[in-house]
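This report introduces a protein model to a reader who has not met it before. It moves from the whole chain to a few chosen places within it.

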Amino acid sequence: MKRILISLMFVLLPVAPLLADDAWNAVKTYKYGDDFKPLLAVEAEVQRSAAAPETKVQTAARLAALLNDNTTPAGRQFVCMQLRLVGGTAEVAKLTEYLNKPEDAENARLALTDIQCEESLVSLRKALETFKGRELTGIIGSLSARNDKISIPAIAAKLKSDDPAVAAAAASALGRFGIDGLDALIKAKSTPNVDKALLNIANQLADAGKTKEAAEIFTMLSDIKQPVGIRRAAFHGLLRMIPDKQRKDVIAKWFFEDDKERNDIAASYLSELSDRQFDGLYKRIGDMSSRSRIVFFEIAAERSGADLLDSLTKALQGNDEIERLTALRTIGRLGDASTIPLLLDALEKGDAARNIAKEALTKFPANAVGAKLIEALQKSAIRNAAIDVIVAVKCYDAIDPMIPLAKSEDDTIADPIITGLGRLCDPDDTDLTRMLALYLASRPGAHREKVERAIVIICEKLPDAEKRADALLKILEKKDGGLTGQRLIDTLPLLGKVGNKRVAEMIRPLIDGNDPALQSAAVRAFCNFPNADYLDDIWKIAANNSSEQYRQWALRAFIRVATLKSERPESETLGLLKKAMNIATTASDKQWCLSRAATVRTMESVDWAASFLDDAVLSQTACSVIAELAYHRFLREPNKAKFEPLLLKVEQTAKNKDVVERAKKARLGM
């Protein structure tokens, strides 16, 4: 049912002057969505009369006169809401009439609930006997809100209702009656709703200081036959009833019991125990169940007192996986350097143990754990985990021992070490000097490219992009012989990856030089540039260089950097791709160029991709681009008419199942 939200705040809104009769008459014809100002005027009058006994009766009568079938449903709702403020005995009969009409029942019930007189209670009690379903749950709630103890037997009878909502409402209402509803609930069949209501009463009694009565209910609800949630709540309640000193003894006793629920509740209160009591538990650790030891270890790690290390070490050798992991986690929390060997051993014990041990090891300072971690680098089973910890604790002493491993011809050794060096090293002279030496000593090809990538990652830690290449140039130029000859040939591709203006100026004359090796390195350097700052230089190579190989390198680089995120208008980016397509000669270059159109999220890009749907070489790439662009709602929604036939064709043309599915979902608006 629609609601009219009415409060005194509305009185503050500007209301045009209205004749009183006009305002009252507007209630009769009011419909949801109409101008509310007349009703605000009536509400203001009701508010005034509520505080004035001499006018309250007359106002209530005037409202009741409007409660008839000639008044709209919205108007009758408004009337009922106002009668909640000023209604009295005289209005009960009219409200009862509408209590029995489904459309008005809820509004009439709320009014009768708020009218404090015996007649309104009588009306609600009669409804309790005749109403069903949702309306009956409302009546039950109203009678409990009025604390009508006379209705308790009738409400208790509803506990047996076949309607679960009615039975639940009855149980909840009896719980709100407190001790007056207790007998009815105890006699009722135990259900989750009845038990919750009993818990509610027990807590009310406890709040009122009636601990004996509350404890009796909690004890009843803690019976082993009760549901787990009810039992747990009851145990919490029982502990609440026990004086502090005695409660600690009970907690310690429960902790060793076989009753899982009681045991778990005791565990949640262990933090209340004194150090003496807690140490007493530790002496009995052998008597604890595995579940209890797990909880004990977790809490003990946060407390002073018991020396747990021997017990934790024994737990690590046990068969219970959860207990082993808990013991390991607890060892980590102790922060004791003597546990480092245990934690290192745990790196070999599976993913869960490895993650716990790694986290624990990262809590130690580098000078405490570094030597052991460096030793661990020699063990293949824990090498990768050791690297993660070395990086996390910034163990710079590990860099020199890692360098020889990075030179290994075994990629399973070299690759994670090189990656770790990239994460660990700082972009300062010391670390970059070591990494450049590794780079120059690396094997050409994949191995050197990995070292190159690590150096780029290190340089990117410098926030100023222009200074990244300068940091490398400074070191290279100071080396014996300076940056010339083979050293220049070897390092130009790396310098290009962190390129700046100085590197670009170094490269340009070499591209047109007579030394083929330097020329090749210079072209690679320009093709490696990380941004589009030197797009014109790259285009010049792609379009005009005499070497077909250099042209292809440059063309692919041009396509890459042209489609990097930039402030350039997307139309210009698409123009650059079209320009690149015009000079592309191989199928792979054309496919690469077209694929990058997916980064240009415009309908012009869609149209360009669509022009290749019938191209034998490029149709599959075109399908992929269109499906990707259609995925973006901001582009698809305003252009559904244009996209639909294109997506249908993609579904018919694409050979890749994922592309077909993506196109179909986009077409259906998913």
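Helices and strands are here DSSP runs, of at least four residues for a helix and at least two for a strand, and they are numbered from the N terminus. On that basis the protein, which is a predicted model, holds 41 helices and zero strands. Its radius of gyration is 40 Å, well over the 26 Å that the globule rule gives for 670 residues, so the protein is more spread out than a compact globule. Taken along the principal axes, the box filled by the C-alpha atoms is roughly 110 × 75 × 50 Å.

**The chain as a whole**

Of the 670 residues, 48% count as buried, and the protein exposes about 33300 Å², of which carbon and sulfur atoms supply 52%. Among the contacts with a separation of 6 or more, 59% join residues that are 24 or more positions apart. The side chains include 96 positive and 93 negative ones, and the centres of these two sets lie 2 Å apart.

Confidence in the prediction averages a pLDDT of 89, with 96% of the residues scoring at least 70. Over residues 1-19, however, the pLDDT is below 50, although this stretch has 32 contacts in the model beyond near neighbours in sequence.

**Two leucines**

Leu83 is found in helix H4, which spans residues 73-86, and it counts as buried because its relative accessibility is 0%. Which residues does Leu83 contact, leaving aside its neighbours within four places in sequence? They are Ala60, Leu63, Glu91, Leu95 and Ile115. Ala61, 22 residues away from Leu83 in sequence, lies 9.3 Å from it in space, C-alpha to C-alpha.

Leu405 has its place in helix H25, residues 399-406, and with a relative accessible area of 13% Leu405 is buried. Not counting residues up to four places away in sequence, Leu405 touches Leu377, Gln378, Ile413, Ala414 and Ile417. By contrast with these contacts, the C-alpha atoms of Leu405 and Lys640 are separated by 57 Å, the two residues being 235 apart along the chain.

**Helix H24 and its surroundings**

Helix H24, made of residues 383-392, is mostly covered, since seven of its 10 residues are buried. These buried residues are Arg383, Ala385, Ala386, Ile387, Val389, Ile390 and Val391. They pack against helix H22 (351-361), helix H23 (366-376), H25 and helix H26 (411-424), and H25 is the helix that contains Leu405.

**Two residues with positive phi**

Most residues other than glycine have a negative phi. Asn147 is not a glycine, yet it has a positive phi of about 55°, and Lys394, again not a glycine, also has a positive phi of about 55°. Lys394 comes just after H24. The table sets out where each of the two lies and how far it is exposed.

| Residue | Phi | Loop | Relative accessible area |
|---|---|---|---|
| Asn147 | about 55° | between helix H8 (133-145) and helix H9 (152-157) | 39% |
| Lys394 | about 55° | between H24 and H25 | 36% |

Is Asn147 buried or partly exposed? Since partly exposed means a relative accessible area between the limits of 20% and 50%, Asn147 at 39% is partly exposed, and Lys394 at 36% is partly exposed as well.

Methods
Residues numbered from 1 in each chain as written. Predicted model: local features only at pLDDT ≥ 70, side-chain atom pairs only at ≥ 80, totals over all residues. Heavy atoms only, no water. Rg over C-alpha atoms; globule rule 2.2 N^0.38 Å. Buried < 20%, exposed > 50% of the residue type's maximum accessible area, 1.4 Å probe, protein only. Contact = heavy atoms within 4.5 Å. Areas by Shrake-Rupley, 256 points an atom, 1.4 Å probe, with all protein chains shown as cover. Lys, Arg positive; Asp, Glu negative; His and termini not counted. Charge placed at Lys NZ, Arg CZ, Asp CG, Glu CD. pLDDT = per-residue confidence, 0-100.
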